[in-house]
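Student: Please take a close look at one helix for me and then set it in the rest of the fold. I would like to follow the reasoning step by step.

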Amino acid sequence: MTNLLNLKNDDGEIHLNDERMILTSSSIFGTLRKDLIENIGFERMKSFLIRYGWNIGVNDAKKALKGNLSTVKEILGQGPILHMLQGYTKVNTTKLELSMDSQADVHFVKVEGVWVNSYEAEEHITQTGIAEKPVCYTLTGYASGFYSTVCGHEVIFKESACKGAGQSECRYEGKSIHLWGIEIQDELKYYKTKPIVQELAVTYEKLLEERNSLSKVMDIHNLLTEELINGRSLQSIVRMVYQKTKIPLLMENFNSNQVYHAGFHKVKVSEVRNQIKLMREKGTFTLETGSIVKDGMELLYTPITLQNKTYGYCAFAQSDLVEGNTNMEINRRFLRGCP
């Protein structure tokens with residue numbers, strides 16, 4: 001084991017398995033971990049550390065594959081050795097099952113064991129206290145990357161117990177991905193998370209869309225105010241809103257039994273009115289904004305109330321079956337501004 005480690009004190013270099021290494025204290029990593037949680041959130045921190053460990057495991061596995069070891073099991077045995085030499089943890093493998101064909105291709109692998117003295121569990125407790133779930137993310141990432149590279153297919157590890165979460169030991173289990181089934185689905189997202197730069201780009205696009213939606217709603221409200229000041233009829237106002245948004249709109253006054261609409265076919269107007277009437281009779285028509293989904297159409301409505309008395313309602317249609325289908329967020333924003 002120690003012949004893999006080469007110290008060149010005169011040159012200020014440390015080599016492990018012919019690769020230059022650097023030494024740093026585990027507390028520095030703990031501080032980094034804490035800073036990541038505070039700056040990018042727990043979920044992104046977890047994904048970052050899992051992929052960080054994965055890349056280290058892949059790198060070590062490629063070197064192990066170039067060695068003089070003859071069997072897959074011997075190569076897999078190098079993973080725990082390299083992991084221990086780098087000071088991450090002591091690895092006690094309690095179970096290892098391999099299934100291979102005559103061409104030495106690995107069909108599946110199952111492995112279980114214990115990580116003793118995990119630096120990651122220790123630092124998590126020191127920096128943030130006992131966690132609710134296992135926290136050895138770089139260890140699971142490393143093992144997954146190492147095994148996946150050696151076996152030639154995706155092998156995923158997860159902790160079933162962790163000292164960082166208050167258990168007596170860090171116990172792990174690794175299996176070929178097709179053996180996990182739905183049990184591992186929640187963990188896979190951490191291996192495939194988009195880089196933060198891409199996430200920021202998506203967030204920017206959403207904010208831009210949000211701003212544009214808000215701008216359109218403000219334009220509509222300004223036009224409505226102008227129409228009301230000029231004494232326009234409700235029908236002309238409804239028609240103006242439809243022309244501006246291309247979203248079918250319907251308003252009904254319960255007291256006068258008057259209906260104003262634009263963008264709806266007459267048959268659809270009757271269907272919407274009957275649906276609202278049925279809801280009122282059943283007592284399911286509330287004072288809150290709601291939606292109705294029927295026959296491929298989603299109807300977003302809000303009651304028109306005064307002193308908790310309902311006088312009518314305003315409704316927008318959102319459906320692939322309705323011409324002029326646009327962003328539902330504009331509808332929701334507009335309805336929040338209805339009286």
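Tutor: Start with a cut-off: a residue is buried when its relative accessible area is under 20%, exposed when it is over 50%, and partly exposed in between. Keep in mind that this is a predicted model.

Now take Val241. Its relative accessible area is 2%, so Val241 is buried. Val241 is found in helix H9. Its C-alpha atom is separated by 8.5 Å from that of Ala262, 21 residues along the chain.

Next, the helix itself. H9 covers residues 234–245, which makes 12 residues. At 1.5 Å a residue H9 should span 16 Å, and its end C-alpha atoms are 16 Å apart, so the two values agree. Val241 has company in being buried: Ile237, Val238, Met240 and Thr245 of H9 are buried too. Down the axis of H9, the buried residues fall within an arc of 160°, so they line one face of the helix. The general background is simple. An α-helix has 3.6 residues a turn, so residues three or four places apart point the same way.

Look just past the end of H9. There Lys246 takes a positive phi of about 60°. Most residues other than glycine have a negative phi. Asn117 gives a second case: it is not a glycine, yet its phi is positive, at about 55°. Asn117 is found in the loop between strand S5 (106–116) and H4.

Compare H9 with another helix. H2 runs over residues 42–65 and has 24 residues. H2 reaches 34 Å from its first C-alpha to its last, close to the 34 Å expected at 1.5 Å a residue. Its buried residues include Met45, Leu49, Ile50, Ile56 and Val58. Lys46, Ser47 and Asp60 are also among the buried residues of H2. So are Gly53, Gly57, Ala61 and Ala64. What covers the buried residues of H2 includes H1, H3 (72–85), H4, H5 and H7 (185–191).

Two of those covering helices are also joined by charge. The side chains of Arg33 and Glu120 meet in a salt bridge, 2.8 Å from N to O. Arg33 lies in H1 (residues 26–40) and Glu120 in H4 (residues 119–128), so the pair ties together parts that are 87 residues apart in sequence. Both ends are buried. Arg33 counts as buried because its relative accessibility is 2%. Glu120 is buried, with a relative accessible area of 0%.

Other salt bridges have different surroundings. Arg171 and Glu169 meet in one, at 2.7 Å from N to O. Arg171 counts as partly exposed at 29% relative accessibility. Glu169 is partly exposed at 27%. Glu173 and Lys175 meet in another, at 3.8 Å from N to O. Here the two ends fall on either side of the cut-off. Glu173 is partly exposed, with a relative accessible area of 23%, whereas Lys175 is buried, at 13%. Lys95, Glu97 and Glu112 are linked in a network of salt bridges. The count comes to 9 salt bridges.

Turn to the nonpolar interior. The largest nonpolar core has 43 residues. Trp115, Phe146 and Tyr147 have the most contacts inside it. Helix H5 (residues 137–151) gives the most to this core, with 8 residues. Leaving out residues up to four places away in sequence, Tyr147 touches Leu76, Leu96, Val109, Val111, His153, Val155 and Phe157. Another core lies apart from it. That core has 15 residues, among them Phe254, Val272, Met279 and Ala315.

Last, the cysteines. The structure holds 0 disulfides. Cys162 is in no disulfide, and the nearest cysteine sulfur, that of Cys136, is 3.8 Å away. Cys170 is in no disulfide either; its nearest cysteine sulfur is again that of Cys136, 3.9 Å away. The cut-off for a disulfide is 2.5 Å between sulfur atoms. Cys162 counts as buried at 0% relative accessibility. Cys170 counts as buried at 1%.

Back to the starting point: Val241, at 2%, is buried, and the buried residues of H9 line one face of the helix.

Definitions and conventions
Residues numbered from 1 in each chain as written. Predicted model: local features only at pLDDT ≥ 70, side-chain atom pairs only at ≥ 80, totals over all residues. Heavy atoms only, no water. Buried < 20%, exposed > 50% of the residue type's maximum accessible area, 1.4 Å probe, protein only. Helix = DSSP H or I, 4+ residues; strand = E, 2+ residues; numbered from the N terminus. Expected span 1.5 Å × (residues − 1). Arc of directions from axis to C-beta. Core = buried A, V, L, I, M, F, W, Y, C linked by side-chain atoms within 4.5 Å. Contact = heavy atoms within 4.5 Å. Salt bridge = Lys/Arg side-chain N within 4 Å of Asp/Glu carboxyl O.
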